[in-house]
Structure formats: C-alpha cells, structure tokens
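Grab a pencil and have the model open beside you. Here are some short exercises, each with a solution you can follow step by step.

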Amino acid sequence: MELDYDKIGLKVGLEIHQQLNTGTKLFCDCKPALFKEEPEITFLRRLRPTQSELGQIDPAAFFEFQKGVKILYEADSKSSCLVEMDEEPPHTINLDAVKTVITAALMMNAKPVSEIHVMRKTVIDGSNTTGFQRTCAIALDGQIKVGEKIIPIQHASLEEDAARKTGEKEGNVIKYRIDRLGIPLIEVATGPVIKTPKEAEEVALTIGRILRATGKVIRGLGSIRQDVNISIPNGALIEIKGLQELELVSLVVEYEVQRQLKLIEIREELKKRNVKEEQIEERFLDVTTIFEKTTCKVIQKALEKKKQVLAAKLIKFKGLLSFELSPQLRLGTEMADRARFWGRVGGLFHTDELPAYGITEQEIEELRKEVGAEKDDAVVFVADTPENTQDALKAVFERARESLKGVPQETRAPNPDGTTKYMRPRPGAARMYPETDIPPLQITKDEIENIRSHLPELPEQKLDRLRKEYKLNEKLARQILNSEYSELFEVIVKESNVSPTIVAALMTETVKALQRDSVPVENITDNQLRDMFKFVSEGKLTKEALPDVVTWLCKNEDKTVREATEALGLRSISTGDLEKSIAQIVEKNRDLIKKRGDESFGALMGIVMSDMRGKVNAEIVSKILREKIKELASQE
Ligand SMILES: [Zn+2]
C-alpha cells in the first residue's frame with residue numbers, strides 16, 4: 001500500500017550516532033575495543049532515578065528503582081580503567097575526536113563553536129556508571145543537500161558512548177559491559193523536515209557517507225546507531241531508538257506511519273462504540289480455579305509454581321486487540337509488551353486470539369461469565385505472582401485507556417524486520433548541567449581554517465573518482481561509496497593487482513550475501529582482507545574461492561588466510577602440476593580437438609575447471625589450455 005505521505009503530513013527527524021576510531025576513548029587512554037571473554041572485574045550498583053528539568057522523575061526509572069533493580073557492570077582491564085568505573089575523574093578530551101567532528105561538521109556546512117563546553121546529560125537506564133553522559137556541541141546550524149532538497153543540520157556533537165547491555169534482566173539484575181562506555185561518538189541531528197520514508201533513508205545514507213569520508217569511523221554492526229523521530233498530525237511524536245542498519249530506516253518509518261494511522265482508526269472505532277474512559281475499570285479477578293485442569297502449558301507451569309491467573313474484562317474491546325497495526329503487531333501485542341515491561345510477566349492472553357495455546361472454548365466461556373463479560377467485551381489475563389499480575393494488568397489497562405486518545409507517547413525499539421516494540425515511556429527533557437571536571441576548550445579560527453583547508457573529498461566527488469579511476473560501473477561505485485570498506489577498497493586495489501571490479505564486488509555483493517546467510521562478516525579484519533587479495537595476486541588463491549575463505553575466517557576468528565586455505569583444501573596447484581593435468585585432459589579429448597579445432601576450447605575449459613574446483617585461476621587455465629590445443633593442432 002503506497003501512502004500519500006504529503007497528505008498525511010509526515011515529519012521525520014534523524015539523530016545519527018557513529019563511533020569514532022581515534023586510538024583511545026574520549027576521556028581516558030583505554031583502547032576502544034570490545035571484549036568477548038569472561039569479565040576480569042564486576043561491580044554492582046543500584047539504579048537511581050534522577051529528576052528531569054521540570055523536576056519530574058522518569059516513571060520507568062522510578063519504577064525500576066522501587067523494584068530494587070541493580071546493575072552488574074562487567075569490565076576488563078584492556079578496555080576500561082577507573083574513569084569508566086567512575087572512581088577517577090575524566091582526563092582531558094581526546095583532541096583527535098574533536099578534530100574529526102569539526103571535519104564532519106564543516107563538510108555539512110555547520111559553524112563550529114568557539115569554545116567547547118562539556119556537559120552532563122542525565123541518563124536513567126544504568127547505561128552510564130556515573131548516571132550521566134558527557135556530551136559537547138561542536139558545531140551548529142549546518143545543512144546538506146540530499147537530491148534537490150536542503151536538509152538542515154541542527155548540530156554536530158561529540159559524546160561518550162554508553163555501556164552495552166549484555167542480556168535481559170535476570171531477577172532484579174541488569175548486566176552492562178563497560179568496554180563500550182567512553183568510546184567517542186559523533187552525533188548529528190537533522191531538523192524534522194523529512195517528508196517520506198525514502199527520503200529518511202537517503203538522508204541517513206548521505207550523513208553516513210560524510211562521516212565515513214573523515215576516515216575515522218569504527219566499522220561493523222553497532223558502530224552506527226540512529227534515533228528516528230516520527231510524527232503525524234493527530235498521532236504522536238514517537239522516538240525509535242538505536243536503529244543499527246541505515247537500510248532499514250525507510251521500512252521503520254513506513255511501519256510507524258501505518259501503526260499510528262491504525263491506532264487512530266482504533267480510537268475512532270472506540271468513539272463509535274461509545275466507550276468512555278471511566279468504563280475501563282480496573283476490576284481484576286483471580287480466576288485460577290478455572291484453569292486448574294487446563295491443557296495450556298504456560299498456565300500449567302505457572303500454577304505448579306503456586307502462581308495465579310488474574311483476569312479482567314475490557315469493555316467493548318472485542319476484535320480490537322487482534323486489529324493489525326503493522327506486520328506482526330496488533331493492539332494485543334502492544335498491551336502484552338506493556339505487561340512484560342511493567343509486570344515482568346511472560347506474556348498476555350486475550351480472548352481475541354482464543355481458543356488457542358491449549359485453552360479451550362469451555363474455559364473461555366467460564367472466564368467470560370466470571371468477569372461478567374458481554375458479547376462485545378474482550379477479556380485479558382496473565383499468569384504469574386500476585387504482584388506481577390497486578391502490575392501487568394494495570395499496565396494493560398493504562399494502554400487500553402490510551403487507545404481512546406490514539407497514539408501514546410513512548411520510546412520504541414526496532415526489531416530486525418523493521419517493526420518496533422515498546423521500550424519505555426517517553427522521558428521528559430533530559431537535564432543538562434556543566435561537567436565541572438573538564439575545563440572549556442578554545443577552538444581558534446586558525447585551527448578551524450586549518451581543518452577546512454584539508455577537508456576530505458565530498459562523497460559526490462569520490463563517486464565520480466571511483467568510476468573514472470577504477471572503471472567501476474555506476475552501481476558498484478555507489479555500493480562501494482556506501483560501504484564501510486570504501487577506504488580499504490582503495491588500499492587493496494593499490495597493493496594487489498586484482499581487478500578493482502572483483503575487489504569491489506567482494507566487499508559489497510558477496511559480503512551482503514554472506515550476511516544474509518548469517519555469516520558474522522563483522523569478524524573479518526582489514527589485514528585478513530588485504531592478505532586474501534595478496535594471495536590472489538600471487539596466484540596462491542583463486543577469486544572463485546574468496547567467499548569460502550571469508551566465511552571460514554569469520555567463523556574461525558584470529559586465524560590467518562594461509563590457515564583458511566589449508567583448512568579448506570584450497571592450496572592452489574603449482575603451475576607444473578596444472579600443466580600436467582591439462583595435458584592429460586587434452587590427450588583424452590584428442591578426437592574432439594581434431595574434429596572441432598579451436599571450437600573445442602569452451603568444452604575443455606569446462607572440464608578442466610570442474611576438475612580443479614576453485615583451486616585454479618581461470619585465466620591461467622585458459623592460457624595453458626589454448627597453448628596445448630595449439631600444440632596438438634600443429635602436431636597433426
Ligand atoms: Zn578508561
């Protein structure tokens with residue numbers, strides 16, 4: 001369904017965060033690297049709610065605080081020190097990171113500030129050990145051109161990345177790894193002027209290209225993250241946080257518009273059904289006895305643990321809970337997300353999707369009778385501890401009341417398929433206050449002019465150069481420009497004699513195809529890629545075998561290209577052996593060659609290549625084979 005976004009009045013703004021590769025972290029000398037092993041150090045802290053600018057306490061943080069949620073931070077000594085642990089004040093700001101942000105900002109025509117002030121921005125989810133994130137505006141008021149349209153850039157800032165969550169909450173403990181904390185991040189925010197999903201994606205890609213052009217960005221999944229702010233009139237401003245793939249932007253915006261339009265439809269339907277807020281009454285009933293002999297596994301398990309089933313009717317909601325908002329997402333799903341978040345239950349049952357899951361028609365009938373549900377009412381229920389079931393149904397009813405108003409204000413998180421899920425309520429404006437441990441930093445006009453006179457080439461210029469210098473076709477040149485490997489591509493082409501088209505195709509199409517097959521391509525290192533192509537140049541490896549080698553290296557980390565070729569049995573045949581094999585094949589096909597002369601070449605080439613299965617270079621085979629055919633012909 002193609003929507004008329006102009007008519008809908010869609011407005012999108014983007015905030016792009018990209019990790020910078022600057023040797024050390026932003027406020028200490030640790031290496032910006034993530035570790036995979038068991039942590040050397042762990043420490044436990046209690047989550048503390050903080051006040052927003054208006055003195056409001058974030059409801060989600062306060063809720064977690066009340067529940068006694070604690071955070072277990074994990075660290076190793078290579079990637080963190082006392083600064084990340086908040087046991088030591090921050091060191092001076094990484095100047096290389098500052099210069100990189102100024103570079104990107106100038107490429108986006110933004111105006112650098114004359115003095116950089118590091119600020120503290122309160123964070124509420126435990127992702128910073130300090131309870132705040134350090135951030136500083138580096139340049140303001142820029143603009144970029146995307147197609148024919150001018151997109152305003154509100155600011156380019158430099159901030160410290162947060163700790164990374166390593167798993168879901170276990171009991172009352174959330175785990176965070178602080179290796180990522182303090183990695184420099186550039187943040188670029190556009191004005192909310194984007195009008196279509198496609199345009200959102202183009203803007204994201206354009207900004208991504210400019211950031212990569214600085215040559216100072218970290219590569220791989222999670223190194224670029226964006227927040228997408230989406231609003232339509234009569235809907236709400238929804239922030240979708242932490243989208244990692246630029247290619248998903250368009251789909252995420254499309255689905256969010258659909259979701260909001262459908263929620264508005266539900267609001268209108270509820271109006272038609274004349275549902276009033278006060279009718280959505282929180283009358284929760286313990287209906288455990290109905291399910292004592294149930295065949296529903298989830299409920300059985302809960303009852304074995306002495307849990308209960310709590311139910312309530314949602315007046316005149318019948319049919320609305322199964323109403324599809326976007327693919328895989330229904331109003332019932334949104335209610336279940338709330339129940340999981342606030343009630344910490346496994347999920348929510350509702351009559352719109354029943355009978356199913358082993359719950360029978362008869363149980364539903366008894367349930368409807370028990371809660372006094374009429375024909376047009378829906379019934380919702382959860383199975384868990386008394387406290388959790390109460391919290392869960394309260395959250396479900398809150399969500400039900402919100403559907404009378406339309407689209408609730410909330411922060412959502414992206415799913416891999418472009419749909420989104422509830423993350424937490426929209427926080428109030430974050431409180432910002434000066435970081436007193438770091439003095440302001442002057443940026444002189446001379447320093448800025450010096451950076452301005454050495455700006456990297458703009459992406460459009462680079463595209464042009466890639467096509468001319470390496471004779472890449474338009475499509476491949478664009479793919480390389482958009483790829484994380486665009487710098488490495490030129491390095492490899494210069495140091496190997498492999499055709500630029502082959503290098504480019506591997507770095508774009510092959511890598512994408514492997515990614516689709518769930519090969520962890522982010523594991524491959526620059527040096528491994530360089531070695532691979534050196535092997536190809538030296539005839540030690542064929543280009544046909546490259547996808548297999550990449551796959552092997554991604555699955556066997558820290559191994560060499562030589563080890564890969566050995567493990568895969570790809571050690572290519574020496575020219576002497578190759579000549580011998582070809583001679584044998586030629587001999588066997590003597591009659592064919594006699595009859596068809598040069599025309600037999602294609603058929604013989606096929607035989608030799610399938611015989612050698614990727615271990616030989618087609619060009620070399622072709623050369624030897626032609627010689628042999630000629631030899632044989634001249635013997636006659
Ligand atoms: Zn450190």
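Before we start, a cavity here is a set of grid points where a 1.4 Å probe fits but cannot get out, and its lining residues have an atom within 4 Å of a point. Keep in mind, too, that this is a predicted model.

**Exercise 1. Describe the second largest cavity: its volume, its lining and the helices that contribute.**

Step 1. Start with the space: about 60 Å³ lies in this cavity.

Step 2. Now list the walls. Arg209, Arg212, Ala213, Pro459, Lys462, Leu481, Ser486 and Glu487 line the second largest cavity.

Step 3. Match residues to elements. Helix H4 (197-213), helix H11 (459-470) and helix H13 (486-495) each give two or more residues to this lining. The top contributor is H4, with 3 residues.

Step 4. Sort the lining by class: you get 3 nonpolar, 1 polar and 4 charged residues.

**Exercise 2. How many cavities of 30 Å³ or more are there, and what surrounds the largest cavity?**

Step 1. The count comes to 3 cavities of that volume or more.

Step 2. The largest cavity has a volume of about 100 Å³. It has 13 lining residues, and those closest to its centre are Val83, Glu84, Arg134, Glu160 and Leu181.

Step 3. By class, the lining of the largest cavity splits into 5 nonpolar, 4 polar and 4 charged residues. Hang on to Glu84, as we need that residue again next.

**Exercise 3. Which residues coordinate the zinc ion, and is Glu84 buried or exposed?**

Step 1. Find the donors. Cys28, Cys30 and Cys81 each use SG, while Glu84 appears twice through OE, and the distances run from 2.3 to 2.6 Å.

Step 2. Read their spacing along the chain: C-x1-C-x50-C-x2-E.

Step 3. Apply the cut-off: buried means under 20% relative accessible area. Glutamate 84 has 3%, so this residue counts as buried.

Step 4. Do that for cysteine 81 as well. Its relative accessible area is 22%, so cysteine 81 is partly exposed.

**Exercise 4. What is the strand order in the open sheet of 4 strands, and which strands stand at its edges?**

Step 1. The order is E14-E15-E19-E18, and the pairing is antiparallel.

Step 2. Look at the ends. Strand E14 (285-286) and strand E18 (349-350) each have a single partner strand, so one side of each has no neighbour in the sheet.

Step 3. Check one pair inside that order. Strand E15 (residues 308-314) and strand E19 (residues 378-384) pair in the antiparallel sense over 7 bridges. In this pair, leucine 314 sits opposite alanine 378 in E19.

**Exercise 5. Where do the unusual backbone angles at proline 355, arginine 344 and serine 518 sit?**

Step 1. Recall the background: most residues other than glycine have a negative phi, and most peptide bonds are trans.

Step 2. Leucine 354 and proline 355 are joined by a cis peptide bond, with omega about 5°. Proline 355 is in the loop between E18 and helix H8 (361-371).

Step 3. Arginine 344 isn't a glycine, yet its phi is positive, about 50°. You'll find arginine 344 in the loop between helix H7 (331-343) and E18. With 27% relative accessibility, arginine 344 counts as partly exposed.

Step 4. Serine 518 isn't a glycine either, and its phi is about 65°. Serine 518 lies in the loop between helix H14 (500-516) and helix H15 (526-537). At 62% relative accessible area, serine 518 is exposed.

How values were computed. Residues numbered from 1 in each chain as written. Predicted model: local features only at pLDDT ≥ 70, side-chain atom pairs only at ≥ 80, totals over all residues. Heavy atoms only, no water. Donors = N, O, S within 2.8 Å, 3.2 Å for Na, K, Ca; no water. Buried < 20%, exposed > 50% of the residue type's maximum accessible area, 1.4 Å probe, protein only. 1 Å grid on protein atoms, 1.4 Å probe; cavity = no way out; pocket = protein on both sides within 12 Å on 5 of 7 lines; lining within 4 Å. Points joined across faces, edges and corners; volume = space filled by probe spheres on them. Nonpolar A, V, L, I, M, F, W, Y, C, P; charged D, E, K, R; others polar. Pairing = 2+ DSSP bridges.
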